[in-house]
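Visitor: I would like a close look at a single part of this protein, with its surroundings explained carefully.

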Amino acid sequence: MGVSIQSVPASEVAVSVRNPEKASLLKERGVDVRHGDFDKPETLEAAFKGVERLLIISADGDNDTRIRQHANAVEAAEAAGVKFIAYTSLADAQQSQNLMAPPHVETEGAIERTGIKHAFLRNNWYLENELGSIQDVLAGAPWVTAARDGKVGWALQQDYAEAAANVLLADDFEQDIFELSGPLHTQAELVEALGEVIGRDVELQEVSLEAYEGAMRGAGVPEGAIPIVVGIQDSIRNGSLEVESNDFELLLGRPVTPLKEALKQLIDTL
């Protein structure tokens with residue numbers, strides 16, 4: 001959103017959120033803050049009214065919930081006469097074995113069926129997803145993983161946000177699928193970079209999926225989330241995020257924030 005406000009007048013930007021009161025800072029900057037809830041389709045008609053170019057950000061929750069919510073958003077966008085939809089999908093979505101892929105496959109299909117011009121932003125993995133492990137390391141714990149040599153295209157959320165904003169602002173991209181993957185790294189390479197940033201060696205503890213499940217349970221991860229966090233490790237281990245592409249640089253007009261610099265930025269926020 002910051003990039004959009006820097007690139008176009010705030011008065012031409014609208015956001016749809018479940019709780020408008022939580023977006024007060026955006027409202028103060030002149031952004032049109034609207035109430036829209038993917039679980040309440042009746043709120044989306046007004047939320048999307050007059051919008052020409054729409055970014056649908058994938059929701060949280062289990063796969064069935066996300067599929068339903070995304071379908072509501074796509075249907076509302078079509079009814080509102082939206083001319084362009086950008087959607088934050090997942091790396092290699094249509095062929096991915098990642099446990100989080102099904103909602104993205106369904107949503108990409110729903111958007112295609114509308115016939116509306118679109119862009120699928122197939123985001124690889126947010127570096128911010130590793131904040132819990134980073135905090136554990138800073139507290140003296142080892143980096144625990146079951147992902148083996150699976151590679152990930154980590155990047156900062158701000159890079160993904162800038163890429164999305166640039167798609168919304170531009171009409172001259174000749175493709176409608178963008179594989180947004182940073183340089184590929186293993187867990188060991190990520191841990192080595194983290195050690196260089198914090199100035200000490202970080203222990204990498206590679207475990208089985210069963211042991212990882214036990215470690216997460218022991219760390220207090222809610223029981224309902226255990227299959228998700230273990231499944232993500234398994235998905236990475238099996239190469240679901242090992243996607244090489246220069247689409248990120250194409251959209252940013254620059255390289256993705258380097259891994260060590262990105263890690264430093266995250267640590268500085270803690």
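Guide: What follows is an account of one helix and then of the nonpolar cores. The model is predicted, so local features need pLDDT of at least 70 and side-chain atom pairs count only at pLDDT 80 or more, while totals for chains, interfaces and linings use all residues. Residues are numbered from 1 along each chain as its sequence is written, and side-chain values use heavy atoms, with hydrogens and water left out.

Helix 3 spans residues 41-48, and its buried residues are Thr 43, Leu 44, Ala 47 and Phe 48; helices here are DSSP runs of H or I with at least four residues, strands are runs of E with at least two, and both are numbered from the N terminus. Buried means under 20% relative accessible area and exposed over 50%, with partly exposed in between, for a 1.4 Å probe and protein chains only. These buried residues lie on the same side of helix 3 because they cover an arc of only 120° around the axis, the arc being that of the directions from the helix axis to the C-beta atoms. The face turned away from that buried side carries the exposed Glu 42, Glu 45 and Ala 46.

The buried residues of helix 3 pack against strand 1 (14-17), strand 2 (32-35), strand 3 (53-56) and helix 4 (63-79), where contact means heavy atoms within 4.5 Å. After helix 3 comes Gly 50, which has a positive phi, near 80°.

A nonpolar core is a set of buried Ala, Val, Leu, Ile, Met, Phe, Trp, Tyr and Cys residues joined through side-chain atoms within 4.5 Å. The largest has 26 residues, and helix 12 (259-269) gives the most to this core, with 5 residues. Ala 47 of helix 3 belongs to a second, separate core of 18 residues, which also includes Ala 76, Tyr 87 and Ile 111.
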